[in-house]
Structures are given as C-alpha cells and as structure tokens.
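Work through the exercises below with the sequence and the model open. Try each task before reading its solution.

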Amino acid sequence: MQKMRFSSLAVQNFLLTTAGTLFFTTLILLISGISPLAVYQLLFFGAFSSPSKIADLLMLAAPLLLCAAGLTLTFAAGLYNLGIEGQLTLGAIFAMLPLRLWPDLPPPLLWVLAFLAGALGGSLWAASTASLKIYAQVNEIFAGLGMNFLAMGIALYLVFGPWQRIGTASMSGTEPLPNELWLPTLPNLRLAPLAPLLALSALGIVWFLLAHTKWGISVRATGLNPIAAENLGVPTNLRLFETLFGCGILAGIAGAIQILGVFHGLIPNVSSGIGLLALLIVLLVQAQPTWLLPIVLLFASFAIGSVQLPLALNVDSNISGVLQGSLVLFALMARGIQERRQKKH
Amino acid sequence: MHLAHHVLPTQPLSARMTNALALVALADSVKPFLKLESCVKRMFRSFLPKFGLVWLSTILLLAACSSSQSPTSNLPTVSSTTASSPNPDSAYTFGMLLVGPNNDFGWSQAHYEGAKYAEAKVPGTKFIFVDKVNPADRPGIKVEQIVDDLVNKGAKFIISNSDDFKDGTREAAKAHPDVLFLHVSGDDQLTAKAPKNLGNVMGKMEYGKMIAGCAAALQTKTGKVAYLGPLINDETRRLVNAAFLGANYCWQNLRADKPSEKLDFSVTWIGFWFNIPGTTLDPTVVANEFINAGHDVIISGVDTTEALVEANKATKAGKEIFAIPYDFKDACKQAPAVCLGVPYFNWGPYYVKTLTALKAGSWKPSWEWLAPDWKNLNDLDTTAVGFLPGPALAAENKAKLDEFIAKLAGKDFDLFVGPLNFQDGTVYLKAGEKADEKKIWYMSQLLEGIKGKSK
C-alpha cells in the first residue's frame with residue numbers, strides 16, 4: 001500500500017514539474033516571438049548532435065557532478081553550501097600552484113599534484129566556512145557567499161597581478177599551460193576521460209557513504225534534526241565540518257579539472273557558474289545520490305545544446321538557464337503542494 | 001539502532017529509484033492521472049490565485065521589456081542572411097566571432113558592419129556570426145565550441161575579432177585544418193605559433209589615435225587630457241603612446257596660445273575591452289573620476305561609449321567636457337554635442353579583398369597591418385582606418401587638425417621618431433631613430449610623460 005502511494009506521488013510530482021516547466025518556458029518563448037519547438041529541439045538534442053558536442057557535454061558534466069556530489073553531502077547534513085563557487089575557484093587556483101612551481105616534473109606526477117592541491121584548496125576554503133559556522137555562529141550561506149567574493153578577488157588579483165602574461169594585464173587569463181600538461185584527450189575531441197571517471201567515482205563514494213555507513217546515518221540525522229541527533233550522541237558539529245570539508249575536496253577537484261582539462265589556465269571566471277548550477281540540481285533531486293547522474297547529464301545537455309541557439313535561431317543561450325531554473329522552481333512547488341495536501345488529509 | 005529506525009527512509013535509495021522508474025513505465029497509469037486531475041483542480045483553486053498573479057505580472061513585465069528593447073536589444077541579433085546569390089546553398093559561407101554585442105557602437109559593430117558590407121559587395125557570399133563571446137555573457141563557453149558550430153553551419157573562413165580569442169582561435173584552427181582563419185589584432189604569424197591556416201590582420205590605428213590626441217590637445221582648456229584604457233598589452237600601450245605623441249605635438253606646435261606648461265596626459269586601465277561588473281573597473285566611474293580631477297577631454301580606448309556618455313552628462317550639468325570615442329564611425333551619434341571626433345576601423349574594403357581572394361582560392365594567411373588611405377581618410381570604399389571630426393570640434397581647431405592630418409599624410413613626417421624615452425627612463429628611440437613596424441607593434445612600456453601604469 002505504501003509503495004503504491006509513493007509511486008503515484010512521484011508520478012504526479014514528475015508530471016506537474018515537467019508540465020509546469022514546459023508551460024512556463026513555452027510562454028516566455030512565445031512572448032518573445034520564438035518558435036518553442038525549434039528551441040526545444042536544440043536544447044534537448046543539440047548536445048547529442050555530434051561527437052564533439054557529446055565530448056563538451058561530458059567535460060561540463062564532470063565538474064558539475066563533482067560539485068553536485070559534494071553538495072549532496074552538505075545537504076544531507078542540512079547545510080546550504082552556497083560557498084561552493086569559491087571552493088571550486090580556490091581548487092582551481094591551488095591546482096595552478098604545482099604547475100607553475102615545478103613545470104619540469106613529469107606530467108602524470110604534476111596531474112596528481114594538481115588534483116591533490118585542488119582538493120586541498122577547496123577543502124581549506126570549505127573548512128573556513130565550517131569554522132565560521134561552528135565557532136562564530138555565522139550562517140553557512142552568508143559565510144559561503146563572503147568566501148565566494150574573496151575567492152573571486154584572489155583569482156582576479158592573480159590574473160591581473162603576479163600570474164599575468166608577460167607585459168599584459170587582461171582578464172583573458174594566464175598564459176595557457178604547455179600542451180603536454182593538458183589532461184590527455186581522446187583524438188580530435190576535447191574529452192579528457194579522466195574527468196568523468198573521477199566524477200563518477202566521487203558520486204559512488206558519496207552514495208556509499210550516505211547510504212551504507214553509520215557515518216552517513218549520523219550525517220542525515222544531523223540534517224533532519226540536529227538537536228535530537230545531538231541528544232542521541234551524534235557529534236553534529238563534527239559532521240557539519242566533515243561534510244563541508246568533503247564537499248570542498250570534491251569542488252576543489254572540479255576546479256583542478258577546469259584548469260587541467262577545460263581552460264588550460266586560470267581565468268577569473270574559472271567556475272563559470274558550475275557550483276550554482278550544481279546547487280540547483282541538488283535542490284531538484286533533494287540530495288538523492290541516485291538521481292544525481294541523470295539530472296546532471298540533463299542540465300549539462302541543456303547548457304551545451306544552448307550554445308547553438310544564437311547561431312541557429314537568433315536566441316540567447318540564457319534560455320537554457322530559464323529552463324533549468326523553472327524546472328527547479330516547479331519541482332519545489334509540486335512538492336509544496338503535495339505536502340499541503342498530505343497535511344490536510 | 002533506535003536512531004537508524006527513526007531517520008532512515010523506509011526504503012533504500014536504490015529501491016526508491018526503481019519504483020519511480022517503474023512508474024514511468026506506466027505500471028499503474030490510470031490512477032495517477034486521476035489524481036493529477038484533482039491536483040490540477042486544486043492548483044487552480046488554491047495555488048493560482050495566490051501565485052498566478054505574480055507569475056503573470058513577471059511574464060508581462062518580461063514581454064514589455066523585450067518589446068520595448070527590441071531596437072537595441074541585448075539579445076544577440078544573429079542573422080544568416082544570404083547575399084544576392086540565387087542559390088544560397090552554393091554560397092561561400094564565412095563566419096565571425098564578436099567579443100561584444102554587434103550593436104556596441106564600437107569595435108564589434110565595426111567588424112559586423114565591415115562583414116555586412118563585404119557580404120553585399122562580393123556576390124555569392126553568406127555571413128554568419130555569434131556575438132558576445134566573452135566570459136561574462138557566455139560563461140564557460142570556449143572559442144573552440146563556437147567555431148565548431150560555425151563550421152557546422154558551413155563556414156569555410158572564420159574571422160575572430162578579439163585579442164582575447166588568440167589561444168582559442170589557434171586551437172580551433174588546429175582542430176579544423178580545412179577551414180581558414182583570420183585572427184584580428186593577433187600576432188601568431190609573427191611569433192610563428194600560427195598553424196598553416198591562420199592569418200592575422202590589424203589596422204594602423206596609431207594614426208587614428210595620433211589625430212585623436214591632437215584634437216584633444218587643441219580643444220582642452222585645462223590642459224588635462226585623459227585616456228580611458230581597456231586592458232594592458234602591446235596593442236593598447238601602442239595606441240596610448242600614439243595618442244600621447246599626437247597630443248604633445250599639437251599642444252606644443254599648433255595651439256594659438258602657445259602654452260608654456262606641459263600637457264597632462266593620464267591613462268586609467270579598466271582591465272578588459274568593456275565593462276564586466278565585478279571584474280573590471282567600471283568605465284562610467286573611471287570617466288567621472290577623470291572629470292572630477294579636472295580632465296576636460298577623455299579619449300576612449302575601450303569598445304563601448306561610456307566616456308562620451310559621461311562627458312555629455314557632465315556637460316549638461318554645466319561643465320564643459322569633451323570626449324573622443326573609438327572604433328566605430330558612427331560612435332559620435334550617441335552624444336554629438338560633446339564629440340570631438342572618432343578614430344575608427346573600416347574593415348569593409350579589406351574583407352571584400354579577402355573574400356574575393358578566398359573565392360578565387362588565392363588567399364594566403366599572413367600578417368597584415370593596414371594603413372589608412374591618406375588621399376581620403378574617410379573614403380569608406382578604400383581606407384582601413386579613418387577619423388571623422390565631430391560636431392563639438394571648434395572650427396579653428398578643425399582647421400588645425402586638418403593641417404596635422406596633411407602632415408601625417410606626407411612622406412617625411414613621423415611621430416615615432418627619437419629621442420623618445422620609456423616611462424622608466426630607458427631609451428625607446430635614440431635621437432633621430434625612426435621606429436620600424438616591429439618597434440611600434442611590440443610596445444613594451446608607456447612613454448615618458450604619460451601618467452599611468454605600463455603593465
């Protein structure tokens with residue numbers, strides 16, 4: 001009986017969300033005088049139209065999945081880790097360090113060092129947020145936002161200052177890394193297979209930790225009711241710190257991917273909004289690790305599909321943002337409606 | 001174990017997922033639909049009255065914005081118009097990446113209009129483009145990705161218009177060896193980094209900037225000229241130095257009042273070709289700082305027209321401030337009352353020449369630096385660089401400016417002649433030494449006498 005109830009609710013949720021999203025996006029497109037069908041065709045299928053598009057899709061999905069997996073940890077502990085953008089940025093900055101300090105080391109060793117450094121940078125940044133939350137009672141949302149600004153400031157300072165190209169001060173970014181330091185890609189594609197592999201392993205680890213360990217149970221207890229959990233002997237502050245720290249590690253690795261596999265150098269906007277997009281995704285799936293992968297792929301495919309919009313249809317790529325955003329809004333609304341109904345019953 | 005009982009969902013996560021999937025597979029499809037119906041009803045009854053209004057007003061607002069904005073809309077107006085070719089499929093397609101919007105009254109619009117001009121002049125060509133290719137408008141999207149799309153649309157020749165695209169264009173050219181590339185303002189040909197299918201071009205804007213500097217020095221009353229700089233590199237230092245040389249020459253030799261004090265020439269760099277909030281300095285703010293510090297002429301080096309707009313505002317508020325925009329021939333139109341003139345790029349004739357050569361199969365990638373047509377600086381069918389005097393330039397100053405332009409057009413006159421020192425006191429050109437092209441192209445510092453950062 002309970003199984004059936006859950007199922008019908010899920011279908012309702014799904015249908016309501018999809019219908020609401022499509023209705024809203026279509027309305028906006030119609031008002032702008034754009035053919036919705038043509039836009040949807042590109043948004044839904046554009047990312048799969050050629051091998052190079054699929055490669056771009058995976059290279060976007062990899063850091064996105066890393067961030068989303070990290071955020072699943074923090075959401076499980078009841079934290080809204082808005083500082084993820086800064087954690088990714090710091091990861092990217094730290095990943096640059098070994099590449100700049102010891103460029104003559106063998107590339108595989110440098111990659112390992114860069115990933116480790118990235119993880120360190122991201123986790124240090126997350127640890128600062130955690131410390132502010134635990135010891136100074138600063139809400140993690142505000143602490144994270146502050147740390148984001150700081151991270152952006154550091155990136156800008158480095159790009160315009162000590163790491164600028166010789167004789168140049170431009171936000172174009174640092175001199176590109178020598179080709180041999182780029183993560184190896186499949187021939188003729190911009191796909192570095194290591195990136196999605198890392199992301200998938202991260203997802204696997206997060207899923208295992210949350211679903212199959214005592215630690216995961218205590219994290220979720222912290223998220224559901226910290227006072228009760230504390231009373232039951234869960235070290236809730238430690239759990240908050242650990243999940244933020246873990247999220248920082250994953251975001252930092254995502255930052256290292258942006259450096260080694262995507263931009264091949266530091267640019268001020270190295271995060272490109274990936275952390276915020278991951279937040280949307282985790283909101284949408286309510287931090288269930290099992291749903292992360294499909295939704296990450298879906299959102300990444302919207303983003304890659306939308307690249308063609310201006311050229312093909314004279315439509316701004318931002319329409320993919322409208323679609324992603326309204327998807328989350330309607331999902332939250334559908335849930336809200338159901339909760340109200342359940343309370344009434 | 002008590003704990004686990006309370007907090008764990010009744011089913012493991014994987015089972016829940018299977019459930020959800022099974023549902024989608026229409027296991028019990030009727031019931032949910034019935035429930036959905038009641039749910040939608042409920043939505044109309046309870047939910048829509050409350051939130052519907054908010055949504056509706058948002059949508060109406062958006063609609064109002066998009067319709068009222070349409071002439072200068074921020075949406076990229078991307079077209080793929082066919083030229084007079086009867087069969088568009090056989091047309092020679094060329095693509096362009098623009099760093100800013102194609103209606104920026106500056107750098108990007110100059111390229112856009114040059115390409116439209118060429119498309120109209122060379123039969124059987126088709127122009128496609130993507131504008132606003134920059135990390136603020138299209139975060140995370142790389143030059144290579146956009147080039148892929150242009151090539152997919154049939155482009156056989158691709159022009160990338162920003163120094164910001166240098167690395168991306170090189171990578172794209174390597175990835176598409178069958179497509180020809182032209183990187184504007186780049187130097188991959190000079191540094192031997194260019195693959196075989198990549199050429200560079202630039203206009204000799206230093207002359208336009210000398211004329212701009214001269215106009216500024218002739219018109220200033222406070223003796224303080226400001227330069228609103230974009231980012232710092234060889235190109236922008238070259239242009240600031242050229243403006244300074246022009247200004248200094250006219251200040252010392254062409255002013256009727258023969259000023260004894262030195263001309264104050266200051267530059268502030270914003271960090272990119274246009275404003276990116278939170279990343280660059282805001283050119284509007286910088287322009288006002290100039291005005292408050294007593295500069296009464298602002299020469300713009302950025303792609304957009306903030307200097308002109310702010311000069312106009314200050315003038316309306318009772319001050320007398322002038323500006324010299326940059327890049328695009330019609331830039332003065334935004335505020336003619338304070339515009340002393342505009343040095344501009346005119347890419348049309350060069351694109352016509354290039355497309356004709358491409359169609360004939362005779363185009364060879366190289367490094368080209370296009371001189372103005374000195375016979376008539378403003379002949380739009382021939383010149384690569386021009387200067388259109390603006391309505392605000394006083395008549396007697398206009399006459400002197402023409403005198404200066406005539407001197408520049410002459411064979412024996414040059415301003416990049418020693419003795420000239422760099423800001424740090426090192427020698428740029430010894431007495432009597434004339435700078436060759438490379439010494440002008442690769443400008444490692446600002447010149448002595450300019451206030452502002454060299455790097």
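**Exercise 1: Chain B overall**

Among contacts in chain B between residues at least 6 apart in sequence, 68% join residues at least 24 apart. Two residues are in contact if their C-beta atoms, placed from the backbone, lie within 7 Å. The model is predicted: local features need pLDDT of at least 70, side-chain atom pairs count only at pLDDT 80 or more, and totals for chains, interfaces and linings use all residues. Residues are numbered from 1 along each chain as its sequence is written, while chains are lettered from A and ligands numbered from 1 in the order in which they are written.

Task: state how many helices and strands chain B has, and what percentage of its residues count as buried.

Solution. Step 1: chain B comes to 13 helices and 15 strands. Helices (H or I, at least four residues) and strands (E, at least two) are DSSP runs, numbered from the N terminus. Step 2: 47% of the 455 residues of chain B count as buried. Buried takes 20 or more other C-beta atoms within 10 Å of the residue's own, exposed takes 12 or fewer, and partly exposed lies in between; the C-beta atoms are placed from the backbone.

**Exercise 2: Two domains**

Task: describe the contact between the domains of chain B.

Solution. Step 1: find the bounds. Domain 1 of chain B is 74-203 + 347-383, and domain 2 is 205-345 + 390-451. Such bounds come from an automatic or database domain assignment. Step 2: the C-alpha centres of the two domains lie 28 Å apart. Step 3: domain 1 of chain B puts 19 residues into the contact and domain 2 of chain B puts in 22 residues. Step 4: on the domain 1 side, helix H4 (residues 107-121) of chain B gives the most, with 4 residues. Step 5: that side divides into 10 nonpolar, 7 polar and 2 charged residues. Here Ala, Val, Leu, Ile, Met, Phe, Trp, Tyr, Cys and Pro count as nonpolar, Asp, Glu, Lys and Arg as charged, and the others, Gly among them, as polar.

**Exercise 3: A covered strand**

Task: place strand E5 (residues 198-203) of chain B among its partners.

Solution. Step 1: 6 of the 6 residues of E5(B) are buried. Step 2: check both faces. B:Leu198, B:Asn200 and B:Met202 are buried on one side, and B:Gly199, B:Val201 and B:Gly203 on the other. Step 3: strand E4 (residues 180-184) of chain B pairs with E5(B) in the parallel sense over 4 bridges. Pairing needs at least two DSSP bridges between the strands. B:Leu182 has B:Gly199 as its bridge partner. Step 4: strand E11 (residues 367-370) of chain B also runs parallel to E5(B), joined by 4 bridges. There, B:Met202 is partnered by B:Trp369.

**Exercise 4: The core and a helix in chain A**

Task: which residues have the most contacts inside the largest nonpolar core?

Solution. Step 1: this core has 228 residues, and A:Leu64, A:Cys67 and A:Ile281 have the most contacts inside it. A nonpolar core is a set of buried Ala, Val, Leu, Ile, Met, Phe, Trp, Tyr and Cys residues joined through C-beta atoms within 7 Å. Step 2: helix H3 (residues 51-76) of chain A gives the most to the core, with 16 residues. Step 3: both domain 1 and domain 2 of chain B give residues to this core, so it lies between them. Step 4: A:Leu64 touches residues including A:Ile274, A:Leu277 and A:Ala278. Step 5: in helix H11 (residues 274-284) of chain A, 9 of the 11 residues are buried.

Terms used: Lists of a residue's contacts leave out its neighbours within four places in sequence.
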